[in-house]
Amino acid sequence: MPSAKYWIEHLHLEPHPEGGYFRESYRSQGIIPASGLPTYIGSRNYATCIYYLLPGNEFSAFHRLKSDEVWHFYDGCSLNLHIVLPEGTLITKVLGKIFETGESLQHVVPAYHWFAAKPTDSDSYSLAGCTMSPGFDVKDFELGIFEELTKQYPQHTDFIRLLVKA
């Protein structure tokens, strides 16, 4: 299996603000006008895709997006996607190749759901891809703040503490 360094170099990945490394690999030329997106501010590309690599000792901090995000598993160890459902239930979906244990190659994180990600092996890495439609715009990204998340989901305080940026 190639190393994390291999993928970072060969895919030209850069540090991501929520943790890990990424590079946008696709942004459609087509544009959805603002008039067709009543819950967004401004127009958006039809779709965007990124490569996303998380070293095993890092995590993608709790955040949420205005669009559904499809996660695709590519290489490395399995990846836990921790998702808080609207009623407050915390679930974990595992991306990976071991289908017998319930892992899957893809999972959709619905819009407006708080979620975080962490590789299952701290000595490895997880390489994934993320696809969004309408396409990603930083205006649609919200990074979780510990005090706000724990006020909304006090039953998950200890877990949230592990997966937020200071």
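Y112 sits in the loop between β10 (106-109) and β11 (114-119); the helices (H or I, at least four residues) and strands (E, at least two) here are DSSP runs, numbered from the N terminus. The backbone at Y112 has a positive phi of about 70°, although Y112 is not a glycine. Y112 counts as partly exposed because its relative accessibility is 44%; buried means under 20% relative accessible area, exposed over 50%, and partly exposed in between (1.4 Å probe, protein chains only).

A word on ground rules: this is a predicted model, where local features need pLDDT of at least 70, side-chain atom pairs count only at pLDDT 80 or more, and totals for chains, interfaces and linings use all residues. Residues are numbered from 1 along each chain as its sequence is written, and side-chain values use heavy atoms, with hydrogens and water left out.

H12 is another non-glycine with a positive phi, about 55°. Here are three loop residues with their accessibilities.

| Residue | Loop | Relative accessibility |
|---|---|---|
| Y112 | between β10 (106-109) and β11 (114-119) | 44%, partly exposed |
| H12 | between α1 (4-10) and β1 (14-15) | 56%, exposed |
| Q29 | between β2 (21-27) and β3 (31-32) | 79%, exposed |

Q29 and T101 are 72 residues apart in sequence, and 39 Å separates them in space, C-alpha to C-alpha. One more loop oddity is the cis peptide bond from S133 to P134, with omega near -5°. P134 belongs to the loop between β12 (125-132) and β13 (141-143).

On to the strands, which pair if DSSP finds at least two bridges between them. β1 and β2 run antiparallel, joined by 2 bridges, and P15 has Y21 in β2 as its bridge partner. They make a hairpin with 5 residues between them, and G19 in the turn has a positive phi of about 120°. β2 also pairs with β5 in the antiparallel sense, over 6 bridges, with Y26 opposite C49 in β5.

Now for the inside. A nonpolar core is a set of buried Ala, Val, Leu, Ile, Met, Phe, Trp, Tyr and Cys residues joined through side-chain atoms within 4.5 Å. The largest has 16 residues, of which W71, L79, L81, L95, V109, F115 and A117 touch the most other members. β5 (48-55), β7 (69-76), β8 (79-84), β11 and β12 each supply at least two residues of this core. Apart from it lies another core of 11 residues, among them F62, W114, A116 and I160. What does F115 touch, not counting residues up to four places away in sequence? Its contacts (heavy atoms within 4.5 Å) include W71, V109, F62 and H82.
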